[in-house]
Amino acid sequence: MSRVLIVGAGLTGSLCACLLRRELQSKVQIVVWDKARGTGGRMSTSRAPDTSSHSADLGAQYITATPAYARSHHSFYSELLSAGVLQPIHCLIQGLRHKDGDQDYVTPLGTGSLVKHFLSESGADVFLERHVTALYRRGASWEVERTAGGSETFDAVVLTMPVPQILQLQGDLRNLLSVPQKQQLDVVRYSSRFALALFFSPDVVFSFSWGAQYVSDSSVICYIAADNRKRSADTPGLGPSLVIHTSVLFGLEHLEQDKEDVKPIILEELRRLLPDLPQPISIKCHKWRYSQVLTSVPDCPGHMTIVDQPPLICGGDAFSHSNFDGCVESALSVFSTLKGMLGVQQSA
Ligand SMILES: Cc1cc2nc3c(=O)[nH]c(=O)nc-3n(C[C@H](O)[C@H](O)[C@H](O)COP(=O)(O)OP(=O)(O)OC[C@H]3O[C@@H](n4cnc5c(N)ncnc54)[C@H](O)[C@@H]3O)c2cc1C
C-alpha cells in the first residue's frame with residue numbers, strides 16, 4: 001500500500017484525495033496535513049469569535065460555471081448539486097459582470113462544505129495544525145518535517161499550498177527544482193486582501209435588498225455580501241452576517257500592517273457606504289496574504305512534477321486559475337500524473 005501525503009486541506013488537496021481514493025481504493029493510504037485549525041483553505045467558512053453557531057465565508061463567495069466548464073466538470077457539479085452542497089444562486093448580486101450562459105452557485109452551508117464533502121468522500125486521515133517545514137528525499141520515500149517537531153515518511157507527496165509557501169520549504173526541494181521550474185514558480189503573483197465578517201443579533205433586518213454587491217465608488221472596499229442571504233441560509237434565531245472584501249490596492253498598501261490596525265479603517269469606510277447599518281455583536285478580521293492568483297505558472301500546466309520517484313508534485317490554483325474550476329483542473333492533473341507514478345512504484 002502506498003502512503004501519500006497531501007499538504008493542504010483546501011479544494012485542490014481535498015479533491016486530489018477524493019480522486020485517489022475513488023480510483024485506487026484500498027491500494028493507497030491518504031494522509032492530509034494542514035497548518036490551519038480547520039479545513040477549507042481559501043474556501044473556509046469561519047465561525048464568529050464569540051458564538052459557535054454564527055459563520056461566514058471570508059474567502060471564496062460563489063462558484064461560477066462557464067458553459068465549457070459546466071460540460072467538462074459536469075460530474076463534479078452534478079455530484080455537489082445532488083448532495084445539496086451547491087445550489088443555484090437566488091439573490092441579486094449588484095454589479096456582477098456576467099457572461100452569457102454562466103451559471104452561479106452558492107453553498108448553503110458555506111464554501112467550507114465543498115472541501116468537507118471531498119475530504120469525507122476520500123476517507124483520508126486529516127491532521128490539522130500540522131505545518132510542514134521541510135522535505136528530505138530518503139531513498140524511495142520522502143521524510144516530511146513539521147513545526148511542532150518530528151517527521152514522518154511517505155511514498156509520495158503532493159504540495160497544494162500557494163507557491164510562495166512551497167518555495168519557503170526547507171530541505172531538498174529547492175535543490176531539486178530545475179532552473180526552468182524555478183523561473184516558472186518565481187513569476188507567480190497573488191493579490192492580497194483583508195476580509196471582515198460582521199455578525200448581527202437576531203432582531204436585525206438589513207434595509208437593502210441585494211445579497212451581494214461590487215462597490216465601485218470606494219478605494220478601500222470592493223465587495224460586500226449579506227452572507228446568509230447570499231447563501232439562502234437564514235437560520236431561525238440567528239442574526240444576519242455581512243462579509244466585506246477590501247480592494248487589491250488597499251490590500252497591497254496595508255499588507256504588512258496588523259489586521260487589527262487595519263480593521264477600523266475598513267469599518268469607517270463601511271459606515272460611509274452603509275450609514276444605516278446597525279452595530280454588529282461581533283467582528284472577525286482576516287488577512288489573505290495570498291488571495292487570488294494574478295499571474296499563474298506560465299502555460300497553466302495544472303501541476304508541476306518536481307521528482308518522479310518517489311513522487312513529489314505541486315498543484316493548486318496557481319497552476320491553473322483561481323476559482324473552483326481552476327482547482328478542479330489542477331486536482332485532475334495532479335491525480336492523473338500521480339496515479340501513473342504510483343502504478344510504476346507498485347509494480348517495481
Ligand atoms: C477573498 C477571496 C475571494 C475569492 N472568491 C472566489 C469566488 O468567489 N469563487 C471562486 O471560485 N474562487 C474564489 N476565490 C479563489 C479560491 O478560493 C481559490 O482558488 C481556492 O480556494 C484555492 O484552493 P487551493 O486548494 O488551491 O489552495 P488553498 O485553499 O490556499 O489551500 C492550501 C492549504 O495549504 C495550507 N498550507 C499552506 N502552507 C502549509 C504548510 N507549510 N503546511 C501545511 N499546510 C499548509 C493552507 O492552510 C491551506 O489550507 C477567492 C479567494 C479569496 C482569498
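This report walks through selected strands, helices and loop residues of a predicted model.

**A buried strand**

Start with strand β16, residues 193-199. Seven of its seven residues are buried, so β16 is largely enclosed by the rest of the structure. Both faces are covered. On one side sit Arg193, Ala195, Ala197 and Phe199, and on the other Phe194, Leu196 and Leu198.

β16 pairs with strand β20 (residues 282-288) through seven bridges, and the two run antiparallel. Here Phe199 has Ser282 of β20 as its bridge partner. β16 also pairs with strand β19 (residues 241-246), through five bridges and again antiparallel. In that pairing, Ala195 stands opposite His245 of β19.

**Asp227**

Asp227 belongs to helix α8, residues 227-230. Is Asp227 buried or exposed? It has 26 other C-beta atoms within 10 Å, so it is buried; the cut-off for that class is 20 or more. Setting aside neighbours within four places in sequence, Asp227 contacts Ala56, Asp57, Ser241, Leu242 and Val243. Val158 is 69 residues from Asp227 along the chain, and their C-alpha atoms are separated by 33 Å.

**Two open sheets**

One open sheet has three strands, in the order β5-β8-β6, with antiparallel pairing. β5 (63-65) and β6 (87-88) stand at its edges with a single partner strand each, so one side of each has no neighbour in the sheet. Three bridges link β5 to β8, residues 103-106. Across this pairing, Thr64 stands opposite Asp104 of β8.

Another open sheet has four strands, in the order β12-β11-β10-β14, and its pairing is mixed. Its edges are β12 (151-154) and β14 (170-171); each has a single partner strand, so one side of each is left without a neighbour in the sheet. Strands β10 (residues 132-138) and β11 (residues 141-146) pair in the antiparallel sense over six bridges. Val132 has Arg146 of β11 as its bridge partner.

**A helix pair**

Two packed helices are described by the angle and the distance between their axes. For helix α1 (residues 11-24) and helix α4 (residues 112-122), the axes come within 8 Å and cross at roughly 25°. Angles under 35 degrees count as roughly parallel, and α1 and α4 are therefore roughly parallel to each other. The crossing is left-handed. From α1, the contact takes in Leu11, Ser14, Leu15, Ala17, Cys18 and Arg21. From α4 come Leu114, Val115, Phe118, Leu119, Glu121 and Ser122. These contact residues divide into eight nonpolar, two polar and two charged.

**Backbone exceptions**

Most residues other than glycine have a negative phi, and most peptide bonds are trans. Two loop residues here, Glu129 and Cys300, have a positive phi.

| Residue | Phi | Loop | Other C-beta atoms within 10 Å |
|---|---|---|---|
| Glu129 | near 55° | between β9 (125-127) and β10 | 13, partly exposed |
| Cys300 | near 40° | between β21 (293-295) and β22 | 15, partly exposed |

Which residues does a cis peptide bond join? They are Gln309 and Pro310, with omega about -10°. Pro310 lies in the loop between β22 (303-307) and β23 (312-315).

Methods. Residues are numbered from 1 along each chain as its sequence is written. This is a predicted model: local features need pLDDT of at least 70, side-chain atom pairs count only at pLDDT 80 or more; totals for chains, interfaces and linings use all residues. Two strands pair if DSSP finds at least two bridges between them. A residue is buried if 20 or more other C-beta atoms lie within 10 Å of its own, exposed if 12 or fewer, and partly exposed in between; C-beta atoms are placed from the backbone. Two residues are in contact if their C-beta atoms, placed from the backbone, lie within 7 Å. Axes are lines fitted to C-alpha atoms, for helices over the stretch in contact, and angles run from 0 to 180 degrees between N-to-C directions. Angles under 35 degrees count as roughly parallel, over 145 as roughly antiparallel, 65 to 115 as roughly perpendicular and the rest as oblique. A crossing is left-handed if the near helix is turned anticlockwise from the far one by less than a right angle, and right-handed if clockwise. Ala, Val, Leu, Ile, Met, Phe, Trp, Tyr, Cys and Pro count as nonpolar, Asp, Glu, Lys and Arg as charged, and the others, Gly among them, as polar.
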